[in-house]
Amino acid sequence: MTENKRKLVVIGNGMAGARTVEEILARGGGSLFDITMFGDEPTGNYNRILLSNVLNGSYREDEIFLNPLEWYRQNGIRLLAGTRAAGILRRARLVYAENGTPEPYDKLIIATGSRPFLPTMEGIKMPDGKFKPGVFVFRTLEDCRGIAAYAQGKKSAAVIGGGLLGLEAARGLQNFGLEVNVVHLGGHLMPQQLDPSAGAILKTSMENLGVKVLLKKNTTAILGQDRVLGLRFSDGHTLECDMVVISAGIKANWEIAAGCGLPIERGILVDDQMRTDDRDIYAVGECAQHRGVTYGLVAPLWEQAKVLADYITERNRHAAYHGSKTATKLKVMGVEVASMGIVEPRDPEDEVVQFCEPKRGTYKKLIIREGRLVGGILLGDISKAAYLMQAFDRNTPLPEERLQLLFDIGDPPKQVTFEEMNAATQICNCNGVSKGTIVACVKNGKRSGKAVMDATRAGMGCGSCKAMVNDIVAWACGGETEEDASVHYYVPGVPLTKTELIRAIQERGLRSVSAVFDYLAGGKEDAASKPGLASLLKTLWHDEYEDELDARFINERIHANIQKDGTFSVVPQIPGGITNPAQLRRIADVAERYHVPLIKLTGGQRIDLLGLRKEDLPNVWRDLDMPSGYAYGKSYRTCKSCVGSDFCRFGLGDSISLALRIEREFQGIDSPHKMKLATAGCPRNCSEAMVKDLGAVAVEGGKWEIYIGGAAGSSVRKGDVLGTVNSENDVLLFMGRFIQYYRENAKYLERTHGFVRRLGIDKIRAVVMEDSEGIAERLDREIASSKAAYKDPWKTAWPEPGENRFSSLLPVLS
Amino acid sequence: MRYMLDPESRQAPSVCATHCPYCSLQCGMHLHSIDSVTWTVGSREFPTNRGGLCQKGWSAAELLSHPDRLTAPLLRERRSEPLRRATWEEALERVRASIESTQQRHGRDAVGVFGGGSLTNEKAYLLGKFARVALRTSQIDYNGRFCMSSAAAANLKAFGIDRGLPFPLSDIPHAQTVLLVGSNLSETMPPVMQYFQEQKARGGALIVVDPRATATSATATLHLQITPGTDAALANGLLYIAMKESYLDPDFIAQRTQDFELARRTASSYWPARVERITGISERELQRAGKLLGEARTAMILTSRGPEQQSNGVQNVLAFINLALALGKAGKPYCGYGCITGQGNGQGGREHGQKADQLPGYRRLDHPPDRAHIAQVWGIDESDLPTPGHSAYEMLDSMGTEGGVRALLVFGSNMAISAPRAGHIEERLYALDFLMVSDFFLSETAARADVVLPAAQWAEEEGTMTNLEGRVLLRQKAAEPPIGVRTDLQVLAELAGRLGCGGKFPCEAPAVFEELRRATAGGAADYSGITYERIRREDGVFWPCPSENHGGTPRMFLDRFATPDGRARFHAAEFLPAAEEPDGDYPLYLTTGRIMAQYQSGTQTRRLPSLMQSAPESFVQIHPSMARTYGVTDGEWVRLTTRRGTALVRAKLSAAIRMDTLFVPFHFPGSGRANLLTNPALDPVSKMPEFKVCAVRLDKEQQC
């Protein structure tokens, strides 16, 4: 293999040289050529355009490497790092290094790049030919490091050259805390990218940010004997500074080509295949001059690399480079600039579109030729840059409304009433139902949302438009929607109100969810109705209820609270929030054993172990050996308390003792929605009992106020006083009676605050405190019976062998 | 062509639980029979669609009793004659004779087979076997090549196996951030949006990448309005941001992947300003997308045809896989890369041997142990198995040429509409010596055939489908086919018999499935533990499922990836410009895609009045500003021209599309066919044509 390969030598290992080699390798060049590369710098190839980011500290050095040294090894490339090529012997077809070592080639690529242009001035260098301490150029990683090191402890710096790179250097220097002056020979900043108006605006913006800009200043000398002390200009003025960065443009490195007689102008002359005058020698990148242009940006260089690679590997002998469109976009000290193509019109027919608002630092200018963008400047507001640069790059025809090119002019979002809404407006995407169709359907007699949905299929795809369909139906009915009977159903899948449903369940003795479906819903199971039915049946039948796992929500199926990442949280029962060292030790052991990522005290004064895996749950319960704290279900949750009368100076009643009794009384009682309780030893309400579903607050004279219907969640509501009672026993009695009344009469998933508001506190007080309906005794009996049916689910919920409730492979988690 | 249906023949149970005939979501539905010839669709709770259906699904039952149904074979002696009714004996004998004479004159490979991604697993399996055993031709491929082949190839390279989604749909709500690339699910797969709504309700973020603002992007947290054909630049740009902002997961990269260096080096040239210039997505939006992905604890990256149907499709997908891997968002619960398959059995169709290079169970035709296993199941000598053949477009392009396919058998595909550069493919169809098409309507391709066989529809036969999740489903039979109609399985068995391979081809779906189970045992897509009974009981079973005790595999890669060393692979996935970019002559981008009320080549959906009312004809979506530049007003006819051809369509003005881009849906026939325009430049690996981007010119059409 090797003997057939030709020798390819590349002089230069920068952005152009390395990229060209990559492109050659990508075209199978590895099997065509033995590749040798000369590189001045001792490192692999890094991304030069990110250098200023290294200088300003937003990148680490190692982050900008494109080709680290091992890349060369892996691709079988001999890299002569830190070795400078000194000359080319075309007749002998070899390149020799500075130390004289010859390197024969069959094909040679010159990618020597460019170097900073140094204007003529005194005092740049010391007698030994090195830069005077404090003088820098800004070109390589080495320069970057040097600038950063020298800037330590210095006060001021000057940048010679107000071009793109000079301003980036100025930004970097300012980041080091230096006072920065930009000294520029021309009449405005960034002459390559901006016109005079834009340059003037940029100058003001820069000065507002603390950078001084000196225009039309020709620097004639760098002052200072053995280090930089200042600058002198042709007008005789001087400027004090501790360091100077020269950034006055670049100069192609064509010397090695000139030395072997290749034609040179500003760069090495190449044709459309990137060939020099010698068919075996190519030039690419900043050292090359193509159709009169040399480029100093990365995009053109990559385009050249592709063409060269296509041609040299014979992958595409017709590959040709036709020149590049140049555009730049950058942020100079917070000022955003985008520029593309020409900055001034060149043809009398060129159309110029312009907007200028100097006060805000905004300037926009576009140059349009034959409906296509040939140049543009955006300063301050570059929100249209992405579109414009693409239109420029791709020669896209521009819209005739030029204003649109400069600004995003969207219509303000308009609130459309149903009246104004076009009949053809699509309401349901999935089923292609328009407003007109819905309205027509209402006119034909479907006068409820559900009826319209059944008839039109609106809302029966992904379901996201249901609310809007209902609103349109209501509007079309003139507010006189026929109430859809189904809104009163306790659950959607059984066509009965709660009262009717309870009667039917009791009459027929239906003890399981499936039995309810069989007898009351024609055998048609409805998944969405199951949890509600399960809750109701449990309320009605206590321990005679026939549990069916699939009828419960995931939380209630596996007695833990699912978290957003699919793990579970476990809260053991700690009545009153009172614990002891033995319990804490057990909890700590469990937390360690099962790698619990987070242990948190809950708002209800319990300890929450979060992040448990489903399959670990049964073992966690076993090892905790504590009852379930019911932190997951639609049920009694916790009773929080303050420290009460034993320790607190203000305590009027023993809130701890009451909280313990409440928890024993109501633990595990399920209900239409969760119930959070609290007891407070005085009206200071430290335990927030007044905003709980049920709360008891001690008042003067050994009495307790019972609060119901408080909320401090997504709704906030102070509870209503159900009554004031004389003893802890009475608190338990009336709370229990209320809970049972709530269990029997609330809609599924109706919190106590909604329930109390719906029925009114007067009605509830009458029933619970005054037995206005004569059902108090029954309510008390029912709740006592529920209490007797309590079983700790963590003891009873052990999985059967082969049951996959706790397996993590369940396809559906919730 | 209308045929009377025989009511007596259509006795069926009154309610049947089955699935929708269209896309890869395979929504569960009930078919209720009203009388013996009319069915209606009813909602069915199934884990994929949870009771919802789109317009296409609700109207699907109308297809069963449609008056255009073919109920007798059609044939013609000469191309100049019209098709005439024929007996099955006549038609099958003609097919046999044509196959034999073609093969005698031009060799075995002169007969080709073209399948489809809507065929059941049983049909796809038997079709592959028919080609290799009865015809002994290497020339078989299918329209799935035009669907997800790029994602399939990328999946194989990166993860060692190709399953569309490595997780069930119900995991989507648990992902904090989802990046959805080149997909308009709200229109193409509406009921799936439930999962994204739920994801959003849980506080998740959805990022949609699309050159058009769509019903899907309207629900998104962030819409990235990308330039067509620049997906790999976007993916690399997001990886660049992830590297820059330290969003990477070094532990995951170290423990579960290989070759990160390749991806890192590639991405390091995609700094935001450069990516903005390539993609047209502003740096600010790029940064925001990077942050949403990088800071999420769980994230998914999903691609559809947008990035895949390109000549750089495989690299595009690999670039997004790189991103998922680098963020450590794969092989963990609620994380991963997934491809959203398009066709009903896009997934199963590619696993069982109708692909040019594949054998059942995702086995490879160029892999000796795989060949040996299949040869043994099929009871043939391994050396009699052909070698891999040409990919779909290559085969179609060769039709009627020297050394190309001279006779073609088509099952469930309509290439005259769906192939790229369709005008050229039409010419190639005419150049064939013989064309046979099996379909239930006279599709545009069938209308050009020498023999047309009337096939049973989805609800008239049993069979399994594998949906986008890798869930194997059972379509139960709801109705008897009309008299005169046969199933594809019956046709294949019958033809095989006439070609001297009788006895090797069962014609009942359950028997074919039993054979398929044995053929896939031990393969990558192992179905051996799946039975019809289990599918019924468990609402589908996820492959791989190697034994009847095995629970199936809803979530893949939790412990290891399917590569030999268990590690996922990064790749150097470079952005390459589209094969054809706009220029002075063709100054705009053209992209193509689907719309809500139509499906694929429209053979089914264009026959339903309710759907035609919603979407009656082809159109071009054009930005109002660009329309003004060309002096085009809404509803006007315009002529679109590319280097392949010209199409006449109505202009639909909409600010939802990029100014430099035109969109044409591909469902419509005749002079409005989008694929008259598209570019058949193929991805070098997947052989996917570049449907999603080419350069186009727009002219006002004066009269039409």
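Me: Two strands pair if DSSP finds at least two bridges between them. In this predicted model, what makes β7 and β8 of chain A a pair?

Reply: Strand β7 (residues 94-97) of chain A is joined to β8(A) by 3 bridges. The criterion asks for at least two bridges, so the two strands pair. They run antiparallel, and one of the bridges links A:Val95 to A:Glu103 in β8(A).

Me: How do you know which strands are the edges of the open sheet β6-β7-β8 in chain A?

Reply: The 3 strands follow the order β6-β7-β8, with antiparallel pairing. Strands β6 (85-89) and β8 (102-104) of chain A each pair on one side only, and these are the edge strands. Neighbouring strands of this sheet are turned by 25° against each other on average, direction ignored.

Me: Why is A:Asn685 called partly exposed?

Reply: A:Asn685 has 17 C-beta neighbours inside 10 Å. A residue is buried at 20 or more and exposed at 12 or fewer, so A:Asn685 falls in between and counts as partly exposed. A:Asn685 lies in the loop between β35 (675-680) and β36 (694-699) of chain A, and has a positive phi of about 65° although it is not a glycine.

Me: What makes A:Glu688 buried, exposed or partly exposed?

Reply: For A:Glu688 the count is 16 C-beta neighbours inside 10 Å. That value lies between the limits of 12 and 20, and therefore A:Glu688 is partly exposed. The loop between β35 and β36 of chain A holds A:Glu688, whose phi is positive, about 60°, although it is not a glycine.

Technical notes
Residues are numbered from 1 along each chain as its sequence is written. Chains are lettered from A and ligands numbered from 1 in the order in which they are written. This is a predicted model: local features need pLDDT of at least 70, side-chain atom pairs count only at pLDDT 80 or more; totals for chains, interfaces and linings use all residues. Helices (H or I, at least four residues) and strands (E, at least two) are DSSP runs, numbered from the N terminus. Axes are lines fitted to C-alpha atoms, for helices over the stretch in contact, and angles run from 0 to 180 degrees between N-to-C directions.
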